[in-house]
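Student: I should like to learn how to read the features of a structure that is new to me. May we go through it together, one topic at a time?

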Amino acid sequence: MSQMVKNTIKLCVITLVAGILLGAVYEVTKVPRKKQEEKTQQQAYKKVFSQADSFQELSYIGQEDEEQVYKSAQEYIGSKGEGAVLTEGEVRIDKVVYAYEKEECKGCVVTVTSKEGFGGDIQFTVGVTKEGMISGVSVLSISETAGLGMKAKENSFLNQYKQEEKVAQFTVTKKEEEGADKIDAISGATITTNAVTKGVNGAMKAAGYFMSLGNSSLQEGGETNE
């Protein structure tokens, strides 16, 4: 047997063993990784809805399955009807969970992606109470300009959306106008400010849609705890 054939066989054996070992490691770490991902998600939800002690994923039975419910909600927030603040495609609903405190539904946490950022998509979570007020906003992914649009991650900006009174929608201002519905634009980053504001408005509108569906259509056993 030539040396080349021997080396080829050795390489194949090494590759096979390495593949088996990597597969074994993946299987062994799959459960811990899943638990860590769930913990990270729970922390993100808790950050924007501190009042809640558990969160229940959207899970519907009956004629409307989960995919259809999301599609209907997407159409709802992009509708041209009364109170519409968005056009189709500006904001995407990524995920919705219901927020509970001692088994009482207190509202929703909506994960959305705003498509209008200066540097691309901006994804964040928005907590919305059942009364329709923002309990918190947290940025998950953003690629805006350093020192300008990246300030959208800071609490000094995001806390503007937390409400003490209900508003129909938020509007961006450059003149520090007073009002619960006014959001001061980040200096030099009006596009970013508008993108986040559209996302928050979309999440607020979507939360109203999901809360209107009622808990009767939720499947039992969908609760996820911290």
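Student: Which residues do ring pairs link into a cluster?

Tutor: The model before us is a predicted one. In it, Phe157, Tyr161 and Phe170 are linked into a cluster by ring pairs.

Student: How should I read a pair of aromatic rings?

Tutor: Two quantities describe such a pair: the distance of the centres and the angle of the planes. In this structure, a search of the whole model finds four aromatic pairs. One of them joins Tyr161 and Phe170, with 5.3 Å centre to centre and 85° between the planes, an edge-to-face arrangement. Another is formed by Tyr209 and Phe210, also edge-to-face, at 5.6 Å centre to centre and 85° between the planes.

Student: Are these rings buried or exposed?

Tutor: Tyr161 is buried, with a relative accessible area of 0%, and Phe170 is buried at 3%. Tyr209 and Phe210 are both buried as well.

Student: How many helices and strands does the chain have, and in what order do the elements run?

Tutor: The chain has four helices and eight strands. Read from the N terminus, the order is α-β-α-β-β-β-β-α-β-β-α-β. For the chain as a whole, buried residues make up 37% of its 226 residues. The chain exposes about 13200 Å², of which carbon and sulfur atoms supply 52%.

Student: What share of the contacts joins residues far apart in sequence?

Tutor: Among contacts with a separation of 6 or more, 58% are between residues 24 or more positions apart. Val196, in helix α4 (residues 190-213), offers a case to follow. Its C-alpha atom is separated by 9.4 Å from that of Lys115, although the two residues are 81 residues apart along the chain. Beyond its neighbours within four places in sequence, Val196 is in contact with Ser114, Ile122, Phe124, Ala152, Phe157 and Tyr161. Phe157 and Tyr161 also belong to the ring cluster. Val196 counts as buried, at 1% relative accessibility.

Student: Which residues are in contact with Thr125, leaving aside its neighbours within four places in sequence?

Tutor: Thr125 lies in strand β4 (residues 120-129). Its contacts outside that sequence range are Ala44, Val48, Val109, Val110, Thr111, Gly136, Val137, Ser138 and Leu140. Thr125 is buried, with a relative accessible area of 1%.

Student: Why is there no bond between the sulfurs of Cys105 and Cys108?

Tutor: The general test is a distance: a disulfide requires two cysteine sulfur atoms within 2.5 Å. Here the sulfur of Cys105 has its closest cysteine sulfur in Cys108, at 6.1 Å, and is therefore too far away for a bond. The structure holds zero disulfides. Both cysteines can also be placed by their accessibility: Cys105 counts as buried at 9%, and Cys108 counts as buried at 0%.

Student: Which residues form a nonpolar patch on the surface?

Tutor: The patch consists of Ile9, Val13, Val17 and Leu21, which together have about 340 Å² of accessible area. Leu21 is found in helix α1 (residues 3-48).

Student: Why is Leu21 classed as exposed rather than partly exposed?

Tutor: A residue is called exposed when its relative accessible area is over 50%. Leu21 has a relative accessible area of 52%, so it is exposed.

Notes. Residues numbered from 1 in each chain as written. Predicted model: local features only at pLDDT ≥ 70, side-chain atom pairs only at ≥ 80, totals over all residues. Heavy atoms only, no water. Patch = residues over 30% accessible without salt bridge, like charges linked within 9 Å, V, L, I, M, F, W, Y side chains within 5 Å. Areas by Shrake-Rupley, 256 points an atom, 1.4 Å probe, with all protein chains shown as cover. Salt bridge = Lys/Arg side-chain N within 4 Å of Asp/Glu carboxyl O. Helix = DSSP H or I, 4+ residues; strand = E, 2+ residues; numbered from the N terminus. Buried < 20%, exposed > 50% of the residue type's maximum accessible area, 1.4 Å probe, protein only. Phe/Tyr/Trp six-rings, centres within 6.5 Å; stacked < 30°, edge-to-face > 60°. Contact = heavy atoms within 4.5 Å.
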